[in-house]
Amino acid sequence: MKIRTLAVAALLSAAALTACGAEPAATTQATQQAAPQQTQQADPQGQEPAGKQGAFVAVVAEAKEAANQEMRKAFAEDKALEEVAQGFNELLKLPEGEYILAAEECGQANAFWSPDEKKITICYELLTDAATKAQENFTTDKEKEDYITGVLMDTLFHELGHAVISIYDLPTVGKEDDAVDQPR
Ligand SMILES: [Zn+2]
């Protein structure tokens with residue numbers, strides 16, 4: 001099982017380019033390892049002094065179940081989570097502090113944002129479920145990998161939606177789960 005990190009990195013660096021006014025440097029940064037406090041780019045508006053900015057740090061946690069261990073290995077080898085954390089750090093001006101982007105064994109196929117811990121958790125089970133569905137519904141490796149990557153990206157951006165709403169204390173209407181998917 002492989003996580004298509006190239007697609008992840010390309011998507012995120014494209015988003016970063018849009019967000020910061022097509023700065024060419026952003027494309028090369030997306031391939032670097034996640035480094036806390038790396039985001040010290042000059043702000044074109046000069047609104048904020050180059051001070052301490054928060055950053056997401058990737059954590060690939062241990063797993064007990066065999067299927068989850070496979071998923072853990074894929075994450076550790078592909079550095080997918082590090083790339084995504086780096087992408088988030090380039091997209092957002094986070095308030096000072098440490099933010100965690102974790103892949104963990106949860107005992108359920110789910111994902112969470114915890115405001116207290118400033119932590120996004122992606123459960124290995126969510127992706128092992130996706131891998132099973134991919135196996136049942138698709139024939140080529142590319143289709144299977146694309147499907148799993150799609151589930152991962154959907155989930156990551158959904159949870160980032162919750163994170164952004166709570167970090168910046170943004171107003172929402174209706175259920176927050178709808179607000180993060182359909183902002184208007
Ligand atoms: Zn949600």
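In helix H5, the buried residues are Tyr124, Glu125, Leu126, Leu127, Thr128, Ala130, Ala131 and Ala134. Their cover includes helix H3, strand E2 (98–104), strand E3 (111–114), strand E4 and helix H6. The model is a predicted one, and H5 is a convenient place from which to describe it.

**H5 and its contact with H3**

H5 has 14 residues, which at 1.5 Å a residue should span 20 Å; the C-alpha atoms at its ends are 20 Å apart, so the length agrees with expectation. Helix H3 (residues 66–78) packs against H5 (residues 124–137) at an angle of about 95°, and the two axes are 9 Å apart. Angles of 65 to 115 degrees count as roughly perpendicular, and H3 and H5 are therefore described as roughly perpendicular to each other. On the H3 side the contact is made by Ala67, Asn68, Met71 and Arg72, and on the H5 side by Tyr124, Glu125, Leu127 and Thr128. By character, the residues of this contact are four nonpolar, two polar and two charged. An α-helix has 3.6 residues a turn, so residues three or four places apart point the same way.

**The chain as a whole**

Seven helices and four strands make up the secondary structure of the chain. Along the sequence they follow the pattern α-α-β-α-α-β-β-β-α-α-α. The chain has 184 residues, of which 33% are buried. Of the contacts with a separation of 6 or more, 57% are between residues 24 or more positions apart.

**The sheet**

The four strands form an open sheet in the order E1-E2-E4-E3, with mixed pairing. Strand E1 (55–60) and E3 are the edge strands, each pairing on one side only. From one strand to the next, the twist averages 15°. E1 and E2 run parallel and are joined by six bridges; in this pair, alanine 55 stands opposite glutamate 98 of E2. E3 and E4 pair in the antiparallel sense, over four bridges. Their hairpin has four residues between the strands, and in it lysine 118 takes a positive phi near 50°.

In a regular strand the side chains alternate between the two faces of the sheet. For E3, the covered face carries Ala111 and Trp113, while Phe112 and Ser114 are on the uncovered one. Helix H6 lies across E3 and E4, and runs at about 15° to E3.

**Isoleucine 122**

Isoleucine 122 lies in strand E4 (residues 119–123), and alanine 111 stands opposite isoleucine 122. A residue with 20 or more other C-beta atoms within 10 Å is buried; isoleucine 122 has 25, so it is buried. Leaving aside residues up to four places away in sequence, isoleucine 122 touches Ala103, Ala111, Thr155 and Leu156. The C-alpha atom of isoleucine 122 is 6.1 Å from that of alanine 102, although the two are 20 residues apart along the chain.

**H6**

H6 has 27 residues and reaches 38 Å from its first C-alpha to its last, close to the 39 Å expected at 1.5 Å a residue. Its buried residues are Lys144, Ile148, Thr149, Val151, Leu152, Leu156, Glu159, Leu160 and Ala163. Just after H6, aspartate 169 takes a positive phi of about 55°.

**Two loop residues with positive phi**

The table sets out the phi values of lysine 79 and aspartate 169.

| Residue | Phi |
|---|---|
| Lysine 79 | near 55° |
| Aspartate 169 | near 55° |

Lysine 79 lies in the loop between H3 and helix H4 (80–91). Aspartate 169 is found in the loop between helix H6 (141–167) and helix H7 (176–181). Lysine 79 has 20 C-beta neighbours inside 10 Å and therefore counts as buried. The cut-off for an exposed residue is 12 or fewer other C-beta atoms within 10 Å; aspartate 169 has 6, so it is exposed. Lysine 79 is a residue other than glycine with a positive phi, and the same description applies to aspartate 169.

Conventions. Residues are numbered from 1 along each chain as its sequence is written. This is a predicted model: local features need pLDDT of at least 70, side-chain atom pairs count only at pLDDT 80 or more; totals for chains, interfaces and linings use all residues. Axes are lines fitted to C-alpha atoms, for helices over the stretch in contact, and angles run from 0 to 180 degrees between N-to-C directions. Helices (H or I, at least four residues) and strands (E, at least two) are DSSP runs, numbered from the N terminus. Angles under 35 degrees count as roughly parallel, over 145 as roughly antiparallel, 65 to 115 as roughly perpendicular and the rest as oblique. Two residues are in contact if their C-beta atoms, placed from the backbone, lie within 7 Å. Ala, Val, Leu, Ile, Met, Phe, Trp, Tyr, Cys and Pro count as nonpolar, Asp, Glu, Lys and Arg as charged, and the others, Gly among them, as polar. The expected span of a helix is 1.5 Å times one less than its number of residues. Two strands pair if DSSP finds at least two bridges between them.
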